[in-house]
Amino acid sequence: MTNEVLTPASEEEAAEIIRETAAKAGTLEIAGGATKRGIGQPFEADRTLSMAKLSGITEYNPAELVLTAKAGTPVAEIEAALAEAGQMMAFEPGDWRGLTGANGVPTIGAVAAANISGPRRISAGAARDGLLGVRFVNGSGEVIRNGGRVMKNVTGLDLVKLMAGSWGTLGLLTEVSFKVLPRTETEATLVIHGATDSDGANMMAAALQTSAEVSGAAHAPETVAKRLGVGAGSATLLRLEGFADSVAARLDRLRAALPGGADADELPEAQSRPLWAQIRDVAPFAGSVSPLWRISVAPMAGHDVAAIVLRDVDGEAFFDWQGGLVWLQLADESDASADRVRAAVAKCGGGHATLVRAPEAVRRSVPVFQPQAAPVAALSERVRTALDPAGVFNPGRMVFHGSRKAA
Amino acid sequence: MNQIRFLEPRADVVARRDEIRAGLANLVPADCLVTEERELVPFETDAFTAYRRVPLAVVLPETTEQVAAVMKYCSERGVPVIPRGAGTSLSGGAIPQEDAVVVGVSKMARILEVDFENRTARVQAGVTNLRISDEVSADGFFYAPDPSSQLACTIAGNIGMNSGGAHCLKYGVTTNNLLGVKMVLHDGTIIELGGKALDAEGYDLLGLVCGSEGQLGIITEAVVRLIAKPEGARPVLFGFDSSEVAGACVADIIAAGIIPVAIEFMDKEAIDICEAFAHAGYPMDVEALLIVEVEGSDDEMDAMLARIIEIARRHNVKRVKESQSALEAAQIWKGRKSAFGATGRIADYICMDGTVPLGQLSHVLRETTNIIEKFGLRVANVFHAGDGNMHPLILYNVNDPAEAEKAEAAGMEILKLCVDAGGCLTGEHGVGIEKRDLMLHQFSETDLNQQMRVRAAFDPGWMLNPSKVFPLDLAMRKAV
Ligand SMILES: Cc1cc2nc3c(=O)[nH]c(=O)nc-3n(C[C@H](O)[C@H](O)[C@H](O)COP(=O)(O)OP(=O)(O)OC[C@H]3O[C@@H](n4cnc5c(N)ncnc54)[C@H](O)[C@@H]3O)c2cc1C
Ligand SMILES: Cc1cc2nc3c(=O)[nH]c(=O)nc-3n(C[C@H](O)[C@H](O)[C@H](O)COP(=O)(O)OP(=O)(O)OC[C@H]3O[C@@H](n4cnc5c(N)ncnc54)[C@H](O)[C@@H]3O)c2cc1C
């Protein structure tokens with residue numbers, strides 16, 4: 001466990017801490033709200049660097065569709081400011097506290113560092129697509145600026161993308177700029193009951209092939225559908241958003257295009273919004289401690305991956321992103337069936353599986369992040385060294401070194 | 001205007017030219033290797049034609065394995081490599097140098113797989129941008145990024161430059177529509193990044209590669225996202241009495257929560273040039289024109305347009321003209337997309353590509369005019385207004401060295417203006433050689449050193465496209 005917590009009040013102070021740590025070959029764990037501490041390979045750092053005082057929105061002019069904030073700003077504060085201006089982060093970041101059982105305050109820097117995107121990923125892109133610019137402190141304690149506050153930018157190497165999803169292993173984000181969009185005027189969801197997982201996948205694919213601009217496509221088998229409160233039997237969920245007249249027109253189009261579409265239930269905005277928030281926050285699997293996998297594959301492969309694993313292991317799954325994002329909760333507490341899960345992913349065309357939740361002992365014994373092909377892993381390690389040569393940050397969070405911990 | 005430098009050719013490489021050409025001949029079929037001086041000429045520049053360098057050889061491989069063999073060979077012998085697609089770069093990104101081998105992907109132009117259920121296409125990197133949309137159009141799909149050069153430019157080049165287009169306001173640029181690549185590293189190692197899944201594992205190396213201007217490896221295949229075509233699309237012309245009012249109207253449309261598919265801007269000079277060329281039916285009695293495209297069913301488009309027209313009226317719009325047929329719509333876009341070509345017929349031009357925050361559009365347009373007047377030049381402004389990506393085309397006569405120098409100087413001032421307004425040097429054309437020496441205006445040396453260290457993680461010997469993007473005299477260059 002980490003002992004000392006450092007809480008710098010400025011970027012410069014943070015940089016000084018990092019320089020001093022690098023000089024004495026020390027290590028730091030970066031903590032936003034530390035709500036996701038339980039994610040990733042367990043690792044030990046000498047000290048914790050807290051983002052708590054590097055907080056606040058620095059620049060936000062709604063007409064420019066860009067918001068800049070210090071990385072320790074609570075997500076809630078940002079969402080409140082956006083809501084006031086009728087805007088939103090299009091990639092719909094979720095709140096994983098229910099999942100991880102954490103009760104800290106999720107920060108915007110961690111949304112970037114973890115590349116957290118919700119259901120609208122399929123139409124509006126991921127967090128990494130919304131992230132326009134960053135300031136960060138690298139492992140040598142240098143302040144680096146990359147990207148900016150504009151929508152289109154190909155000036156130099158795109159380190160912004162690299163920082164997104166790096167889980168605090170490449171640098172300390174101190175400021176992030178996100179693209180924001182007008183909030184949709186309204187939304188509605190079509191619910192089709194009773195499809196098998198495989199029929200659900202076909203239905204979602206068919207829906208995405210229409211011009212209805214589906215902005216959420218999820219499928220919940222019966223047990224999960226029940227917890228989502230969308231009625232009896234399995235539920236295939238298709239969300240449309242936009243101006244009211246347009247949503248109504250597209251709902252008709254979508255019904256006409258889908259087998260069984262004519263009989264589908266229609267959830268109005270008041271029910272649709274909370275439903276997709278539950279999907280975004282992975283609410284059906286919250287409040288449990290069973291191992292939970294987050295699997296990203298080609299949309300049509302999701303249900304096959306789940307079926308292969310669930311043939312041999314007890315558990316349940318549901319599907320977002322048109323089937324391409326599988327949330328798979330397993331009863332197996334020994335090793336979370338890691339090999340079986342990854343073999344299934346490989347068999348179904350590849351992708352990756354991240355063990356988002358599992359007891360620490362399990363996370364010590366299996367690779368939490370998807371192991372990479374050797375040349376890509378080597379390249380990634382060279383990139384990491386280019387940013388953090390002394391290995392100051394979150395050492396080993398993304399890399400599995402075998403069950404060395406016991407030592 | 002020949003002041004942009006290249007790295008000194010490596011004398012030892014140039015001296016071994018015959019040996020290297022012979023070695024390459026062992027690696028690829030004879031029709032994949034170009035060494036005849038006359039045949040090398042088409043490869044000496046790209047669309048930034050003021051600068052030319054004849055390469056040592058050009059290789060046009062047919063397979064990833066051939067690319068890998070060539071890279072390994074060049075790496076072992078210290079020969080620089082210049083990746084090339086169709087050579088339509090506007091920033092000199094594909095211009096070679098005397099000691100370099102050009103590796104072009106133009107013979108690798110097959111569409112390998114279209115997968116409508118997963119909405120992806122896997123293509124060889126030399127396929128042209130438009131080919132993909134053509135291939136899937138009958139099935140109701142398209143590939144979204146649509147650079148005006150889409151008939152010629154390749155997906156490889158699009159990835160190299162993270163290219164955009166008129167419809168990127170809604171659908172994003174290349175990086176937002178790219179799911180995976182196969183690429184060859186400097187030493188011949190073949191790697192794959194991403195695939196059909198929406199998120200890649202580990203560090204987002206794919207995001208890093210996109211827009212890296214051929215400095216990290218040779219891309220040989222790509223997986224791109226396909227999107228279902230909208231029910232219909234309709235461009236509408238809005239004419240205004242001044243550029244500033246048009247700029248303010250754009251800001252208000254966006255602020256009202258409306259994101260059309262495209263908002264393109266043209267000033268008087270650009271309208272005149274494009275209308276004369278394309279007979280697009282643009283109004284001639286206005287100072288500025290917006291092309292706003294909306295999508296959906298007829299009813300949806302009507303509703304959306306009603307909102308936009310109401311905003312435009314508040315800005316005293318002088319002309320509103322809806323296209324009445326598919327033909328008219330095509331004419332409107334033809335006019336816009338041929339803007340560069342049409343300009344090229346009346347004068348030489350250099351095209352700037354700075355991007356500014358939307359709130360700064362009017363200010364930057366005004367200051368651009370001031371800069372151009374100060375130099376006694378002419379400018380045509382035609383650009384992607386919805387995302388703040390400016391394209392002032394500075395007109396000059398290439399045969400008048402004094403004027404050429406002025407044009408280049410004015411361009412540099414305009415780019416600095418964009419950076420100072422909170423923007424960047426290039427939105428979609430890349431740094432290349434053109435903006436390389438301005439990089440320190442946007443970045444600190446520390447910022448650039450960090451980028452170069454990441455670059456070196458891919459290409460430790462600085463062999464790939466070595467004269468581009470980073471100022472030549474930065475110490476870091478020599479350190480690696
Ligand atoms: C594998 C994984 C996937 C997840 N996916 C989702 C998802 O899809 N949707 C969702 O809603 N939530 C997801 N989460 C949880 C989500 O990240 C949290 O809801 C919240 O955003 C975390 O905020 P925090 O500040 O508490 O993060 P923390 O737990 O403090 O940090 C999360 C990670 O980001 C790093 N980090 C934090 N701040 C910085 C910074 N300033 N600079 C650099 N690195 C920093 C940390 O070191 C850590 O690695 C995921 C978590 C993990 C581990
Ligand atoms: C008339 C005209 C209009 C244009 N309109 C637009 C526009 O609307 N939007 C826009 O964004 N751009 C536009 N451009 C610029 C240009 O077309 C784009 O930059 C295009 O993507 C370049 O593609 P290309 O195949 O010609 O690549 P090239 O010019 O050959 O190369 C571009 C860059 O990519 C690198 N590269 C090429 N192939 C590879 C590979 N296999 N692996 C790795 N790197 C590689 C090169 O080294 C170079 O740095 C326009 C250009 C012209 C001439």
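**Figure 1. Here's a hairpin in chain B, built from strands S5 and S6.** In this predicted model, strand S5 (residues 111-115) of chain B pairs with strand S6 (residues 120-124) of chain B in the antiparallel sense, and four bridges hold the match. To get your bearings, start at B:Ile111: its bridge partner in S6(B) is B:Val123. Four residues sit between S5(B) and S6(B). Look in the turn for B:Arg119, which has a positive phi of about 55°.

**Figure 2. Chain A has a hairpin too, made by strands S4 and S5.** Here strand S4 (residues 57-61) of chain A and strand S5 (residues 66-70) of chain A run antiparallel, paired over four bridges. One pair to pick out is A:Tyr60, with A:Leu67 as its bridge partner in S5(A). Between S4(A) and S5(A) there are four residues, and A:Leu65 in the turn has a positive phi of about 60°.

**Figure 3. Now for a four-stranded open sheet in chain B, with mixed pairing.** Reading across, the strands come in the order S1-S2-S4-S3 (chain B). Which strands are at the edges? They are strand S1 (33-34) and strand S3 (81-84) of chain B, each of which pairs on one side only. S3(B) runs parallel to strand S4 (residues 101-104) of chain B, and four bridges join the two. Within that pairing, B:Val81 stands opposite B:Val101 in S4(B). Helix H4 (residues 64-76) of chain B packs on this sheet, touching strand S2 (57-59), S3 and S4 of chain B. The direction of H4(B) makes about 165° with that of S4(B).

**Figure 4. Next up is a seven-stranded open sheet in chain B, with antiparallel pairing.** Follow the strands across in the order S15-S12-S14-S13-S17-S18-S16 (chain B). At the edges you'll find strand S15 (319-322) and strand S16 (348-351) of chain B, each pairing on one side only. On average, neighbouring strands of this sheet are turned by 20° against each other, direction ignored. Inside the sheet, strand S12 (residues 233-240) of chain B and strand S14 (residues 288-295) of chain B pair over eight bridges in the antiparallel sense. A handy spot to check is B:Gly239, which stands opposite B:Leu289 in S14(B).

**Figure 5. Two helices of chain B, H14 and H15, lie against strands of the sheet in Figure 4.** Helix H14 (residues 339-346) of chain B lies across S16, strand S17 (378-384) and strand S18 (392-396) of chain B. The angle between H14(B) and S18(B) is about 15°. Helix H15 (residues 361-374) of chain B touches strand S13 (262-267), S17 and S18 of chain B as it packs on the sheet. The direction of H15(B) makes about 160° with that of S17(B).

**Figure 6. This is where chain B meets chain A.** On the chain B side, 85 residues are in contact with 71 residues of chain A. Together the two chains bury about 6300 Å², with 57% of it on carbon and sulfur atoms. Which residues of chain B lose the most area to chain A? They are B:Leu198, B:Asp199 and B:Tyr203, together accounting for 13% of what that side buries.

**Figure 7. Polar contacts and salt bridges span the interface of chain B and chain A.** There are 34 residue pairs in polar contact across the interface (both at pLDDT 80 or more). Several elements of chain B each supply at least two residues to the side that touches chain A, among them helix H8 (174-177), strand S9 (190-194) and helix H10 (243-255). H18(B) gives the most, with nine residues. In all, the residues on this side of chain B divide into 35 nonpolar, 30 polar and 20 charged. The salt bridges found across the interface number 12, and the count over all chains comes to 65.

**Figure 8. Zoom in on two salt bridges: B:Asp204 with A:Arg128, and A:Lys152 with B:Asp387.** The side chains of B:Asp204 and A:Arg128 meet at 2.8 Å, N to O. Why does this pair join two chains? B:Asp204 lies in the loop between S9 and H9 of chain B, while A:Arg128 is in helix H6 (residues 127-130) of chain A, so the pair joins two chains. For the side chains of A:Lys152 and B:Asp387, the N to O distance is 3.9 Å.

Methods:
Residues numbered from 1 in each chain as written. Chains lettered and ligands numbered in written order. Predicted model: local features only at pLDDT ≥ 70, side-chain atom pairs only at ≥ 80, totals over all residues. Heavy atoms only, no water. Contact = heavy atoms within 4.5 Å. Buried area = accessible area lost by both parts, 1.4 Å probe. Salt bridge = Lys/Arg side-chain N within 4 Å of Asp/Glu carboxyl O. Polar contact = N/O pair within 3.5 Å; in protein donor to acceptor, adjacent residues only side chain to side chain. Nonpolar A, V, L, I, M, F, W, Y, C, P; charged D, E, K, R; others polar. Pairing = 2+ DSSP bridges. Axes fitted to C-alpha atoms, helices over the stretch in contact; angles between N-to-C directions.
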